[in-house]
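Dear colleague,

Please find below the structure that I am handing over to you. My findings follow directly after it.

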Amino acid sequence: MRFDLDGLPVHFPYVAIYPEQHAYMGELKRALDARGHALLEMPTGTGKTAALISLITSYSLANPSRPLRLIYCTRTVHEMEKTLAELRLLFAHLPPAASRSLLALGLSSRKNLCVHPQASAAAARDSVDTACRRLTASWVRENAASDPESTPLCEFYETFDRAAAAGDLASLMPPGVYTLADLRALGRQRRVCPYFLARQMVKYANVVVYSYQYLLDPKVASIASREMQKECVVVFDEAHNIDNVCIEALSVSIRKQTLEGAERNLRRISHEIDRFKATDANRLRAEYNRLVDGLAQRGNLPISDAWLANPALPDDILREAVPGNIRRAEHFLAVLWRLVRFLDGRLDTETVENEMPVAFVASIHSQAGIDQKMLRFCYDRLHSLMMTLEITDTDEFMHIQTICDFATLIGTYTRGFSIIIEPYDDRMPDIRDPVIQLSCHDASLAIRPVFDRFETVVITSGTLSPIDLYPRLLNFNPVISRSFTMSLTRDCICPMVLTRGSDQLPVSTKFDMRSDPGVVRNYGRLLLEMASAVPDGIVCFFVSYSYMDGIVNSWHEMGILQDIMQHKLVFIETPDVVETTLALDNYRKACDCGRGAVFFSVARGKVAEGIDFDRHYGRLVIMFGVPFQYTLSRILLARLESLRETFQIKEGDFLTFDALRQAAQCVGRVIRSKADYGMMIFADKRYSRHDKRSKLPGWILSHLHDAHLNLSTDMALHIAREFLRRMAQPYDKTGSGGKKTLLTEEDLQAMAQDAMEM
């Protein structure tokens, strides 16, 4: 359909639109007009992706003088593929002249795009990267020119390189929408490397879909996103955890194994330096001269040689000369040896230590003779040295890269970080496992370059409540901040707060109550009663793996688990990805054949973040407890202190906000469209408190009736049966009268007419 939105002709790929999609597009258009950032919360299953890409593409087509390009960031490859499928549908509904000129593509790692038979066969991502470099590095190709028989090359990359040199890449990738599977198929058909082709074509594409890390992790962003212009519109979808992604991008952990691996790396590098001194000393001399002029003068590296970039350095520092005492390869190696030995000494501690970067850098200077400027240049100096030494198997050098990453970060930042040294994990005090953790507390450090660089950044998700906390956490000022509700023709969502069992004993996962046999039994009885009454799939979320293990064992001993399995099969998520994927596959099969199943999962796990339990795969989701973070974690305590001092966010407010967004994310898995229906049980007495409950998204709260706030198991069972009986009745999908939930082109024209008359 095509309709007018405040003077903008919008192309939409469906014959009808939800009212909240229309309102969402209106707010998005205002953000684009104002050239500012937006924070938008819209319920799951209401077509956020379709609304976003339709509005931004239509805006770009209507303003040829301001050609907008869309950078759409997702968390997983699965979400990336879904977004590209929506784009393909939209492009099919655009005017032919427009669709023939637009290019949209997904960009992922070599692991997901490589088509070389041997390189793509490697299991790990780093191994695929290394196999690729062995075939495509510039010095490998130089050697192949003189000795083609003994030096294998990648024919796919060679085709790409010839086309790039001739300026003929566009002929290899005509306009259209390219998913990862399409790129691989194109690569095999035209015998060209899909990874490097996509990397190069990103700068010409109208829409690019890739992972958060390509913009938020500085090491990746400066390679993959360097060519992006200020006019780009950046969208972070499912961005409720964006602050955690930012923090992880700038945090580093070092263990004994890291230091042992770094020592092996340094011995190998030393051996390579000696070999080059004997055979090709000019290369080392040329590198020294280049470093005198500064790292920015390294010249444009061939695309196949680009390594992970510096995690922190701004361009003005890169133009400085590298400190004289690390310019010579052997001198730099000696500095790294001193740094590794210093860190090894710091790991030999019996007590927990917490230091700020300034104090830690001062102790490195006094004990190892390495100053702040030398630390700051470590990462790039290592990169330069590995290029000079023609090292291709970079996966073997991950340990020394981690050390240099750590050094550069502490040498660059003085605030927003702390260094925490722990001799063992509090949860396993008998096992010595010392770790140095450089922990970033300020999420705005990673995302600030994105806000500064692009005119419009849209942060959107189904669970952003309370929405006013995100501008403080990420330190930005959105011009639009709005939360939308879901328009429904029937109450297809039934949230309940269960505070006690049938025996009237309160239930909670509070630390002093979670092991109580009465609580464990009541949780088990709740699941057993629901398994006997609810058809198809039930999903249960627990607060942690250890709690899930403990309670499942207790249910087994009580005989509750066997009773549940009389009604439905039980599947369990584990930390192992392969096992969990298999369990999910079998869970779906059990639901498909009508047997029904129960899936046990963990809040903050892979399933809670990325798997949908729509339709019969999830008729009920039970959230056992409130998924607070482990509050004795020293990293969390340091972050809470930083939030209080820097942004005036109280510890309790942040912990509750974080727990409730995770709970909302878990229960939101059950509704993925308006035709769907499902129940949500918040099984913990703490959810009945207003300060906890009010942090849930508005689209859940609007269906949480007062009568459902303080339920026992038998009351919840009665409500569930009534709800399922209601959902079995036929209903009007489009709505009627004043409660229309699907707007056609005629409805939108009538709305526009009414607005003009007013």
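I begin with an acidic side chain at the surface: Glu-350 is exposed, because its relative accessible area is 63%. Please note that this is a predicted model. Glu-350 forms a salt bridge with Arg-432, in which the closest N and O atoms are 3.7 Å apart. Glu-350 sits in the loop between helix 18 (329-347) and strand 10 (353-355), whereas Arg-432 belongs to strand 12, so the salt bridge ties together parts that are 82 residues apart in sequence. Arg-432 itself has a relative accessible area of 40% and is therefore partly exposed.

The domain arrangement comes next. The domain assignment of the chain gives domain 1 (250-442) and domain 2 (493-728). Their C-alpha centres lie 44 Å apart. At the interface, 11 residues of domain 1 are in contact with eight residues of domain 2. The two domains bury about 910 Å² between them, and 56% of that area is on carbon and sulfur atoms.

As for specific interactions across this interface, the count between domain 1 and domain 2 is one salt bridge. The side chains of Glu-422 and Arg-634 meet in a salt bridge with an N to O distance of 3.1 Å. One residue pair is found in polar contact across the interface of domain 1 and domain 2. On the side of domain 1 that touches domain 2, the elements giving two or more residues are strand 11 (417-424) and strand 12 (432-440). Strand 11 gives the most to that side, with three residues. By class, the side of domain 1 that touches domain 2 has two nonpolar, five polar and four charged residues.

Turning to salt bridges in general, a search of the whole structure finds 46 of them. One of these joins Arg-141 to Asp-161, with the closest N and O atoms 2.7 Å apart. This pair links distant parts of the chain, since Arg-141 is in helix 7 (residues 138-146) and Asp-161 is in helix 8 (residues 155-165), 20 residues apart. Asp-161 counts as partly exposed because its relative accessibility is 25%.

Another salt bridge is formed by the side chains of Lys-219 and Asp-217, at 3.6 Å from N to O. Lys-219 counts as buried, because its relative accessibility is 12%, and Asp-217 is likewise buried at 12%. In addition, Arg-134, Arg-268, Glu-272, Arg-275, Asp-393 and Glu-396 are linked in a network of salt bridges.

Two further buried residues deserve a mention. Ser-384 lies in helix 21 (residues 378-388) and is buried, with a relative accessible area of 3%. The side chains of Ser-384 and Glu-287 are joined by a polar contact of 2.7 Å. Leaving aside residues up to four places away in sequence, Ser-384 touches Glu-287, Arg-290 and Leu-291.

Glu-27 has its place in helix 1 (residues 19-34). Its relative accessibility is 11%, and Glu-27 therefore counts as buried. A polar contact of 3.2 Å joins the side chains of Glu-27 and Arg-30. Beyond residues up to four places away in sequence, Glu-27 touches Leu-40, Ile-480, Arg-482 and Phe-484. From C-alpha to C-alpha, Glu-27 and Leu-526 are 43 Å apart in space, and they are 499 residues apart in sequence.

Yours sincerely

Technical notes:
Residues are numbered from 1 along each chain as its sequence is written. This is a predicted model: local features need pLDDT of at least 70, side-chain atom pairs count only at pLDDT 80 or more; totals for chains, interfaces and linings use all residues. Side-chain values use heavy atoms; hydrogens and water are left out. Domain bounds come from an automatic or database domain assignment. Contact means heavy atoms within 4.5 Å. Buried area is the accessible area (1.4 Å probe) that two parts lose on being put together, summed over both. A salt bridge is a side-chain nitrogen of Lys or Arg within 4 Å of a carboxyl oxygen of Asp or Glu. A polar contact is a pair of N or O atoms within 3.5 Å; within protein, one must be able to donate a hydrogen and the other to accept it, and residues adjacent in sequence count only if both atoms are side-chain atoms. Helices (H or I, at least four residues) and strands (E, at least two) are DSSP runs, numbered from the N terminus. Ala, Val, Leu, Ile, Met, Phe, Trp, Tyr, Cys and Pro count as nonpolar, Asp, Glu, Lys and Arg as charged, and the others, Gly among them, as polar. Buried means under 20% relative accessible area, exposed over 50%, partly exposed in between (1.4 Å probe, protein chains only).
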